[in-house]
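Thank you for letting me take a few minutes of the meeting today. I would like to walk through one structure slowly, beginning with a single residue and then stepping back to the wider picture.

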Amino acid sequence: MTGIDDLPIRDELRGKSPYGAPQLDVPVRLNTNENPYPLPEALVARIAERVTEAARHLNRYPDRDAVELRTRLADYLSRTAGHFVDHRQVWAANGSNEVLQQLLQAFGGPGRTALGFEPSYSMHALLARGTGTGWLSGPRDDDFTIDTEAAVRTIAEHRPDVVFVCSPNNPTGTAVSEETVLALHDAAQAARPEHGALVVVDEAYGEFSHHPSLLPLIEGRPRLVLSRTMSKAFGAAGLRLGYLAAAPAVVDAVQLVRLPYHLSAVTQATALAALEHTDTLLGYVAQLKTERDRLVSELRALGCEVTDSDANFVQFGRFDGAAGSHAVWKALLEHGVLVRDNGVPGRLRVTAGTPEENDAFLDAVRAVLKELK
Ligand code: PMP
């Protein structure tokens, strides 16, 4: 049988495995930072209505520029993120993964480099690889925050074309301060005097933070991009809708690499329906934030070392290195609870679920800590 490596595949893809967490059928799934609440029935009905209307025109290509959707996303950001933007500053694609890929296609590529501060969202490095962009791994402190001075030095030394700042950071939950983002942005521009560098703030978990959005920072900074998603706060991971906010020129740039009609009419109709129900969905976010804070304090009460979290998940440990965290991951699975081993030695990540799911998780942790003693 012909294997991948017998094919004329690109050298950098040889021997690699695809990204993805196990999709196991267990009672409590807290491993992919999904929202545990299904969409409310009224929204399901509205999606059906909007999609039915869209279906009447499926013989035609969809609105290639998704203007209505981008306008509604701009309204949402303007209302909730502390800064006014209009549709010319907003771009949407199939999940924020596609948004990030388009940014790398336009601003990275062969001969260019992207920098991230690890551990962070591993797709940043994988998207770099997929687009032929070199990858640079920058440092984090022991408490998983970004040491601004060390980060600025890394930028000055390596002069990256693209800098990723994930805030709140996946998998640690750590928020990055406005001052740090500004310092990294300024260092990235100074390191590349000719055209500057693109700084991408990945705010996939922004709605769950204790801190306000970093959106206002795009004002007067045409190389600063904010990336968001409907997968988490809107409880619509299955929809595949991500978006960015930036200067209109950045939106013009990604249009050079996007596939024509990349957002199907069905996707646009569904996202528009979800945006009509923003307030209900943000109500679930408020509940999840409370549950996230409860997970942090209850895990600490159990003696775990827990990283402060601004996301809908919590990083906890500390177990005995990679083997220790893997043993706890397996033992929790045996208790019917699936969490995520992100490869951070001694740590695991749990997504905030419903109160019942979180209770089941905490009971399992209690049992496992006893078993492994
Ligand atoms: N950014 C971060 C930090 C994430 O954790 C994720 C999803 N796990 C994404 C982006 C991509 O999400 P999506 O493509 O569903 O919008």
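Let me begin with F144, which is buried, because 20 other C-beta atoms lie within 10 Å of its own and a residue counts as buried from 20 upwards. Please keep in mind throughout that what we are looking at is a predicted model. F144 is found in the loop between β4, residues 134-138, and α5, residues 148-158, and its phi is near 75 degrees, which is a positive value in a residue other than glycine.

R159 also has a positive phi, of about 45 degrees, although it is not a glycine, and this residue lies in the loop between α5 and β5. Is R159 buried or exposed? R159 is partly exposed, because it has 16 other C-beta atoms within 10 Å, and partly exposed residues are those between the limits of 12 and 20.

While we are on the backbone, there are two peptide bonds that I would like you to find. The bond from N170 to P171 is cis, with omega near 15 degrees, and P171 sits in the loop between β5, residues 162-166, and α6, residues 178-191. The bond from G317 to R318 is also cis, with omega near -15 degrees, and R318 belongs to the loop between β10 and α10, residues 321-334.

R318 leads us to R347, since R347 is in contact with Q315, F316, G317, R318 and S325 once its neighbours within four places in sequence are left aside. R347 itself is in the loop between β11 and β12, and it is buried, with 26 other C-beta atoms within 10 Å.

Now let us step back to the chain as a whole, which is divided into domain 1, made of residues 21-40 and 279-371, and domain 2, residues 49-276. The C-alpha centres of these two domains lie 26 Å apart, and 25 residues of domain 1 are in contact with 20 residues of domain 2. On the domain 1 side of that contact, the largest share, seven residues, comes from α9, and by class this side has 11 nonpolar, seven polar and seven charged residues.

What about the interior? The largest nonpolar core has 97 residues, and among those with the most contacts inside it are V163, V200 and V225. Both domains give residues to this core, so it lies between them. As a general point, nonpolar side chains tend to be buried together in soluble globular proteins. Taking V200 as an example, its contacts beyond four places in sequence include L100, L103, V162 and F164.

Finally, let me turn to the ligand, which is surrounded by 13 residues, the closest being G95, S96, N97, T229 and S231. Which helix gives the most to this shell? The answer is α3, residues 95-107, with three residues, and by class the shell has four nonpolar, eight polar and one charged residues.

An unreviewed UniProt entry lists K232 as a modified residue, N6-(pyridoxal phosphate)lysine. In this model K232 lies in the loop between β7, residues 224-229, and β8, residues 242-245, and it is buried, with 25 other C-beta atoms within 10 Å. Not counting residues up to four places away in sequence, K232 touches N33, N35, A204, Y205 and N312.

How values were computed. Residues numbered from 1 in each chain as written. Predicted model: local features only at pLDDT ≥ 70, side-chain atom pairs only at ≥ 80, totals over all residues. Near = placed C-beta within 6 Å. Helix = DSSP H or I, 4+ residues; strand = E, 2+ residues; numbered from the N terminus. Nonpolar A, V, L, I, M, F, W, Y, C, P; charged D, E, K, R; others polar. UniProt positions renumbered as here; feature names shortened; annotations may be inferred. Contact = placed C-beta atoms within 7 Å. Core = buried A, V, L, I, M, F, W, Y, C linked by C-beta atoms within 7 Å. Domains from an automatic or database assignment.
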